[in-house]
Amino acid sequence: MNTPAFSRYTGQSSCSRRSGRAGQNNWSVLLIAGTLIMLFACSASDLVAAEITVTSKFLGGSGDVLEIEQNDDAARVVITPSSQIDRGWPCWWYVRIDGAKAGQKIAFTVQSNNLPFRGTQKLAANWSTPQRAAISLDGVSWAHTDTATTTPQTATYNIIAPQASFWVAWGPPFLSAHAESLLSEIAATLTAENEPNKRFELARSRENRPVHAIRFGNPQAANSIWVQARQHAWETGSSWVADGFVQWAASDDPLAVQLRSTTEVFFVPIMDVDNVDRGAGGKDSAPRDHNRDWADRPIYPEVLAAQNQIKKQIDDGRLRVYIDLHNPAPGDHEPFYFGPLDYAQLTPGLRQKYDRFLELSTQFIRGPLAIHPRYRFATYVPTAEEQKRVSRNWVGDRIGDQGVSLTLETAWNTPASTVDGYREVGRGLATTITKYLIEMNQADR
Ligand SMILES: [Zn+2]
């Protein structure tokens with residue numbers, strides 16, 4: 001029998017192609033397979049030898065198949081993040097593999113998408129090729145793969161298929177459904193303790209998706225804080241940091257109870273819900289992304305709504321801490337804050353607040369993802385006009401001396417950049433904020 005070592009396909013998967021593979025061994029198999037297909041239609045083709053297929057056609061999915069080669073023991077799969085023109089960087093990918101054989105060795109290669117994503121702009125390869133990919137048996141719990149072997153344009157993850165179907169992604173996904181269930185859980189926990197809390201829809205997105213949020217703690221308190229994530233859709237780690245933050249803030253830890261008695265907490269786990277659920281990158285989308293939209297007339301309803309609520313808290317003299325959660329560049333291996341660009345010109349009192357906040361962060365965001373002990377400054381934003389449209393700066397320009405406004409960038413390309421690692425950073429952030437507020441409240445007396 002003159003069977004090639006690998007059967008080879010290029011292009012998108014389909015069920016008819018899967019059934020067609022049986023035909024390459026001999027004609028009788030082909031005839032039987034063909035008859036089966038006619039009798040039972042496409043789904044019955046699973047009765048024929050299983051073949052690997054790859055799909056991203058689900059919520060938050062991204063990835064186009066470039067190549068699949070396979071035999072019984074091994075397979076090679078090549079994908080690239082899907083292009084969504086004007087929807088930001090094509091760095092996010094998230095696919096399901098079906099039809100694998102448990103124990104089969106799969107060389108899973110991600111080839112960077114080097115098509116222009118906006119005008120003539122192209123994305124450097126290393127944003128889409130993490131050292132370790134995320135892998136899941138159930139689409140719920142995620143682990144790291146082994147370290148990839150890389151070329152300038154690709155990363156190859158050697159996977160032993162754990163079962164017929166499993167998921168592989170750039171990082172652990174966090175979609176609108178995660179936000180919904182997280183907020184339900186937080187609300188239920190607090191309600192069971194008879195504590196005030198209110199889930200609310202911050203806004204309806206441009207594509208009419210709800211942007212979920214919650215407020216809890218003491219609604220009459222003199223202090224409020226605002227924590228949000230995912231102005232950039234691909235930065236899934238930032239929502240897991242947010243998850244760790246809010247689970248701690250709503251917990252029965254005595255410090256968390258103290259936080260809630262003296263502070264009202266406003267929390268938004270996903271800002272750019274449209275691009276998150278579309279599986280688009282979001283960053284640098286056209287005409288501008290969420291974190292360049294903090295202008296007089298925002299184009300995103302959720303940015304406008306956040307501005308209005310934050311402005312009210314500033315006007316009421318309540319807002320003490322604003323945190324915008326992100327993930328940084330592939331080469332950044334520790335979390336860090338972007339601080340105020342005018343740090344050197346701040347009043348001594350306000351600079352002391354920023355310094356104390358950072359000092360506390362080094363005590364409580366300790367690892368394995370430990371915070372960098374100095375502020376960094378987003379000087380790469382080219383013009384003063386654009387800098388003003390960054391949310392940290394928008395809040396910083398309005399908050400005066402009453403509070404701190406920071407971007408927290410949590411490293412995603414390290415062995416500790418897992419759901420647990422991200423949550424640990426979030427808990428550290430929550431503890432930092434609580435300790436900071438306790439000190440500030442004492443100083444005010
Ligand atoms: Zn970002």
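## A helix with two sides

On the other side of helix 5 from its buried residues, Pro-254 and Ser-261 are exposed. Helix 5 covers residues 254-262, and its buried members are Ala-256, Leu-259 and Arg-260. Seen down the helix axis, these buried residues fall within an arc of 95°, so they line one face of helix 5. Here is a handy rule for reading such a pattern: an α-helix has 3.6 residues a turn, so residues three or four places apart point the same way.

What covers the buried residues of helix 5? The cover includes strand 13 (210-217), helix 4, strand 15 (263-268) and helix 11 (419-444). Please keep in mind while looking around that this is a predicted model.

## The chain as a whole

Stepping back, the chain holds 11 helices and 18 strands. It has 445 residues, and 47% of them are buried. Among contacts with a separation of 6 or more, 75% are between residues 24 or more positions apart.

## The largest nonpolar core

The largest nonpolar core has 103 residues, and Phe-245 and Ala-249 touch the most other members. At least three residues of this core come from domain 1 (52-169), and at least three from domain 2 (176-444).

Ala-249 is a good place to zoom in. Setting aside residues up to four places away in sequence, Ala-249 touches Ala-256, Leu-259, Val-265 and Ala-430. Two of those names may sound familiar: Ala-256 and Leu-259 are among the buried residues of helix 5.

## A sheet of five strands

Five strands make an open sheet in the order 2-5-11-7-8, with antiparallel pairing. Which strands stand at the edges of this sheet? They are strand 2 (53-55) and strand 8 (143-144); each has a single partner strand, so one side of each is left without a neighbour in the sheet. As background, strands of a sheet pair through backbone hydrogen bonds, either parallel or antiparallel.

Inside this sheet, strand 5 (residues 94-98) and strand 11 (residues 166-169) run antiparallel and are joined by 4 bridges. To find one of these pairings on the model, look for Arg-96, whose bridge partner in strand 11 is Trp-167.

## A glycine in a loop

After strand 2 comes a loop leading to strand 3 (64-70), and Gly-61 lies in that loop. Is Gly-61 buried or exposed? Gly-61 is buried, because 21 other C-beta atoms lie within 10 Å, and 20 are enough to count as buried.

Gly-61 and Trp-93 are 32 residues apart along the chain, yet 6.6 Å separates their C-alpha atoms. Beyond its neighbours within four places in sequence, Gly-61 is in contact with Ser-56, Tyr-94, Val-95 and Gly-279. Two of these, Tyr-94 and Val-95, belong to strand 5, which spans residues 94-98.

## A sheet of seven strands

The chain also has an open sheet of 7 strands in the order 12-13-15-14-16-18-17, and its pairing is mixed. Strand 12 (197-204) and strand 17 (336-338) are at the edges with a single partner strand each, so one side of each has no neighbour in the sheet. From one strand to the next, the twist averages 20°.

At one edge, strand 17 pairs with strand 18 (residues 404-409) in the antiparallel sense over 3 bridges. Phe-338 has Thr-407 as its bridge partner in strand 18.

## Unusual backbone spots

Most residues other than glycine have a negative phi, and most peptide bonds are trans. A few places in this model depart from that pattern. The peptide bond from Ala-286 to Pro-287 is cis, with omega near -5°, and Pro-287 sits in the loop between helix 6 (273-278) and helix 7 (301-315). Another cis peptide bond runs from Gly-367 to Pro-368, with omega near 10°. Pro-368 is in the loop between helix 8 (348-364) and helix 9 (384-388).

Two residues other than glycine have a positive phi: Asn-194, with phi near 55°, and Arg-230, with phi of about 65°. Asn-194 is in the loop between helix 3 (176-192) and strand 12, while Arg-230 is in the loop between strand 14 (223-229) and helix 4 (236-249). How do their surroundings look? Asn-194 counts as exposed because it has 6 C-beta neighbours inside 10 Å, whereas Arg-230 counts as buried because it has 29 C-beta neighbours inside 10 Å.

Key:
Residues numbered from 1 in each chain as written. Predicted model: local features only at pLDDT ≥ 70, side-chain atom pairs only at ≥ 80, totals over all residues. Buried ≥ 20, exposed ≤ 12 C-beta atoms within 10 Å, placed from the backbone. Contact = placed C-beta atoms within 7 Å. Core = buried A, V, L, I, M, F, W, Y, C linked by C-beta atoms within 7 Å. Domains from an automatic or database assignment. Pairing = 2+ DSSP bridges. Axes fitted to C-alpha atoms, helices over the stretch in contact; angles between N-to-C directions. Arc of directions from axis to C-beta.
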